[in-house]
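Take a look at the chain below. This report walks through its fold, its core and a few residues worth finding on screen.

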Amino acid sequence: MVEATIMTQNQPEFKDNELYRLLRDENVSEFNKQRGEGDSCDLSGADFRNLVLSKIDAHDIDFSNCYFRGCDLRGIDFSSCNLAGASIHDAQISGVLFPIELDAAEIRLSHQHGTRMRYRK
């Protein structure tokens, strides 16, 4: 019983908030505008599978446990983001700036095999 609960908690989810819906609709410019006006939202654990997010302003967003499989993430600056537990399997990651705390091996394993990224201690 406990094992099933743990598995469910680790599944990516569809969030019920406006900023997440903008990203699901690939309306990155409106997302960036609203974030620039001070809007915030919880994106941890969100499902971003196969989306084009390449122009997102990701400054200080918590993307922990997010699922980015097949996403276009090219050029995103994730350096100030929390990506602990996120997966980037088969995502386009050319030019992405990852947090310095993430080891290159973690990024490679996540990209090639879908493992969840872990921060160095």
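## Exposure, backbone and core

Asp60 counts as exposed, because its relative accessibility is 52% and the cut-off for exposed is over 50%. Keep in mind that this is a predicted model. Asp60 sits in the loop between H3 and H4. Its phi is positive, about 60°, although Asp60 is not a glycine.

Glu26 also has a positive phi, near 60°, and is a residue other than glycine. Most residues other than glycine have a negative phi. Find Glu26 in the loop between H2 and H3. Its relative accessibility is 38%, so Glu26 counts as partly exposed.

Now turn to Asp47. Is this residue buried or exposed? Asp47 counts as buried, because its relative accessibility is 1%. Asp47 belongs to the loop between H3 and helix H4 (104-113). What does Asp47 touch, leaving out residues up to four places away in sequence? The list is Pro12, Glu13, Phe14, Tyr20, Arg24 and Tyr67.

Here are the three residues side by side.

| Residue | Loop | Relative accessibility |
|---|---|---|
| Glu26 | between H2 and H3 | 38%, partly exposed |
| Asp47 | between H3 and H4 | 1%, buried |
| Asp60 | between H3 and H4 | 52%, exposed |

Next comes the whole chain. It has 4 helices and 0 strands. From the N terminus, the order is α-α-α-α. The C-alpha atoms fill a box of roughly 40 × 35 × 25 Å along the principal axes. The radius of gyration is 14 Å, which agrees with a compact globule, because 121 residues would then give a value near 14 Å. Of the 121 residues, 39% are buried.

What lies inside? In soluble globular proteins, nonpolar side chains tend to be buried together. The largest nonpolar core here has 31 residues. Phe48, Leu53, Phe63, Phe68, Leu73 and Phe78 touch the most other members. Helix H2 (18-24) and helix H3 (28-36) each supply at least two residues of this core. H2 gives the most, with 4 residues. Zoom in on Phe78. Setting aside residues up to four places away in sequence, Phe78 touches Ala58, Phe63, Leu73, Leu83, Val96, Leu97, Phe98 and Pro99.

Finally, look at the outside and the charges. The chain exposes about 7,000 Å², and carbon and sulfur atoms supply 48% of this area. There are 14 positive and 20 negative side chains. The centres of these two sets lie 5 Å apart.

Notes: Residues numbered from 1 in each chain as written. Predicted model: local features only at pLDDT ≥ 70, side-chain atom pairs only at ≥ 80, totals over all residues. Heavy atoms only, no water. Core = buried A, V, L, I, M, F, W, Y, C linked by side-chain atoms within 4.5 Å. Buried < 20%, exposed > 50% of the residue type's maximum accessible area, 1.4 Å probe, protein only. Contact = heavy atoms within 4.5 Å. Rg over C-alpha atoms; globule rule 2.2 N^0.38 Å. Areas by Shrake-Rupley, 256 points an atom, 1.4 Å probe, with all protein chains shown as cover. Lys, Arg positive; Asp, Glu negative; His and termini not counted. Charge placed at Lys NZ, Arg CZ, Asp CG, Glu CD.
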